[in-house]
Amino acid sequence: MSPRIFRAIIHAMEKEYKNKMVENKIIVFCDGSSSGNPGPGGWGAVVVFPKGSRTNEVVEKGASDKHTTNNRMEITAALEALKEIGATDKEIVIHTDSAYVINGITKWVYGWMARGWQTIDKKDVSNRELWEGLAKHAHGKKIVWQKVSGHSGIPGNERVDEIATAFTFGRPPKLFSGLKKDYSVDVHDINVREELAKAKSRSGAKAYSYLSLVNGQFHIDQTWAECEARVKGTKGAKYRKSLSTDDEDAIKKEWGV
């Protein structure tokens with residue numbers, strides 16, 4: 001068995017294991033946006049319930065605000081997702097690219113409440129009513145707040161960014177509500193995508209392989225020299241460095257292979 005095939009098998013096993021680990025959890029992606037700070041804004045959220053738990057296993061939510069801030073929209077997205085979930089004893093994993101939201105709800109809120117909703121320098125807490133709502137709806141729930149990198153290719157995070165941005169600019173999108181099998185966004189492609197984003201952010205990340213599409217023929221090469229020789233001088237040829245098997249799959253999907 002070649003090293004490539006072996007790695008692909010291990011990767012498939014790891015992916016299946018990760019999917020089983022999250023299939024009984026409620027998965028949330030949320031994001032906020034504003035054009036100007038303050039200015040018109042919007043928020044988006046995707047709530048994914050365990051398969052078979054309800055008729056609308058995946059629910060997209062979102063709305064706009066004519067005069068708001070990015071931070072208010074970020075909090076609102078998480079708050080509205082928790083409202084959609086309601087009472088539950090299942091673990092909830094909330095993915096957001098807002099450190100403000102995560103730090104606020106996991107650290108700062110306790111001090112604010114103890115000081116009568118004032119900051120450590122005795123100023124009124126900004127967005128108090130939203131923080132109160134978020135704390136109320138988070139209370140008693142088993143929540144894991146997961147920081148993700150924005151604009152990094154994580155499917156669920158990209159989708160809520162699209163929703164929030166569309167509402168911000170007055171173009172309300174069609175929101176999905178239905179079965180997970182009918183939802184086009186791979187909401188369980190979470191950990192792998194995050195690792196891919198981290199790898200992409202590292203300058204000079206080591207290539208896993210080199211992909212090319214030449215005259216409709218797809219190729220995978222192990223070295224840039226091989227790939228370069230294949231595409232050089234060929235009009236319309238596509239080529240890309242990949243960083244993992246998941247990256248290979250994503251590029252193939254993008255190219256329609």
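Trainee: Why are helices H2 and H4 called roughly parallel to each other?

Mentor: In this predicted model, H2 (residues 70–85) and H4 (residues 128–138) pack at an angle of about 30°, and their axes are 9 Å apart. Angles under 35 degrees count as roughly parallel, and the two helices are therefore placed in that class. Their crossing is left-handed.

Trainee: Which residues make the contact between H2 and H4, and how is that contact made up by class?

Mentor: H2 brings Arg72, Ile75, Thr76, Ala78, Leu79, Leu82 and Lys83, while H4 brings Glu129, Leu130, Trp131, Gly133, Leu134, His137 and Ala138. Sorted by class, the contact of H2 with H4 has 8 nonpolar, 3 polar and 3 charged residues, with Gly counted among the polar ones.

Trainee: What makes E5 and E6 the edge strands of the sheet?

Mentor: The sheet is open, has 6 strands with mixed pairing, and follows the order E5-E4-E1-E2-E3-E6. Strand E5 (143–147) and strand E6 (177–178) each have a single partner strand, so one side of each is left without a neighbour in the sheet.

Trainee: How do you know that E1 is paired with E4 and with E2, and in which sense does each pair run?

Mentor: Two strands count as paired when there are at least two bridges between them. Strand E1 (residues 26–34) and strand E4 (residues 92–96) have 5 bridges and pair in the parallel sense, whereas E1 is joined to E2 by 8 bridges and the two run antiparallel. Both values satisfy the cut-off, so both count as pairs. Cys30 shows the two pairings from one position, for this residue stands opposite Thr96 in E4 and opposite Ala45 in E2. E1 and E2 also form a hairpin with 4 residues between them, and Gly36 in the turn has a positive phi of about 95°.

Trainee: What makes E1 a mostly covered strand, and which of its residues point which way?

Mentor: A residue is buried when its relative accessible area is under 20%, and 9 of the 9 residues of E1 are buried. Ile26, Val28, Cys30, Gly32 and Ser34 point one way from the strand, Ile27, Phe29, Asp31 and Ser33 point the other way, and all are buried. In a regular strand the side chains alternate between the two faces of the sheet.

Trainee: Where does helix H5 lie with respect to the strands?

Mentor: Helix H5 (residues 155–168) lies across E1, strand E2 (39–48) and strand E3 (58–68), and runs at about 145° to E2. Glu158 is found in this helix, and its C-alpha atom is separated by 9.8 Å from that of Cys30, although the two residues are 128 residues apart along the chain.

Trainee: Why is Glu158 called partly exposed, and why is Lys241 called partly exposed?

Mentor: Buried means under 20% relative accessible area and exposed means over 50%, with partly exposed in between. Glu158 has a value of 23%, so it is partly exposed. Lys241, in strand E9 (residues 238–242), has a value of 36% and is therefore partly exposed as well. The C-alpha atoms of Lys241 and Asp221 are separated by 9.6 Å, the two residues being 20 residues apart along the chain.

Trainee: How many helices and strands does the protein have, and what percentage of its residues is buried?

Mentor: The secondary structure comes to 8 helices and 9 strands, and buried residues make up 44% of the 257 residues.

Notes
Residues are numbered from 1 along each chain as its sequence is written. This is a predicted model: local features need pLDDT of at least 70, side-chain atom pairs count only at pLDDT 80 or more; totals for chains, interfaces and linings use all residues. Side-chain values use heavy atoms; hydrogens and water are left out. Axes are lines fitted to C-alpha atoms, for helices over the stretch in contact, and angles run from 0 to 180 degrees between N-to-C directions. Angles under 35 degrees count as roughly parallel, over 145 as roughly antiparallel, 65 to 115 as roughly perpendicular and the rest as oblique. A crossing is left-handed if the near helix is turned anticlockwise from the far one by less than a right angle, and right-handed if clockwise. Contact means heavy atoms within 4.5 Å. Buried means under 20% relative accessible area, exposed over 50%, partly exposed in between (1.4 Å probe, protein chains only).
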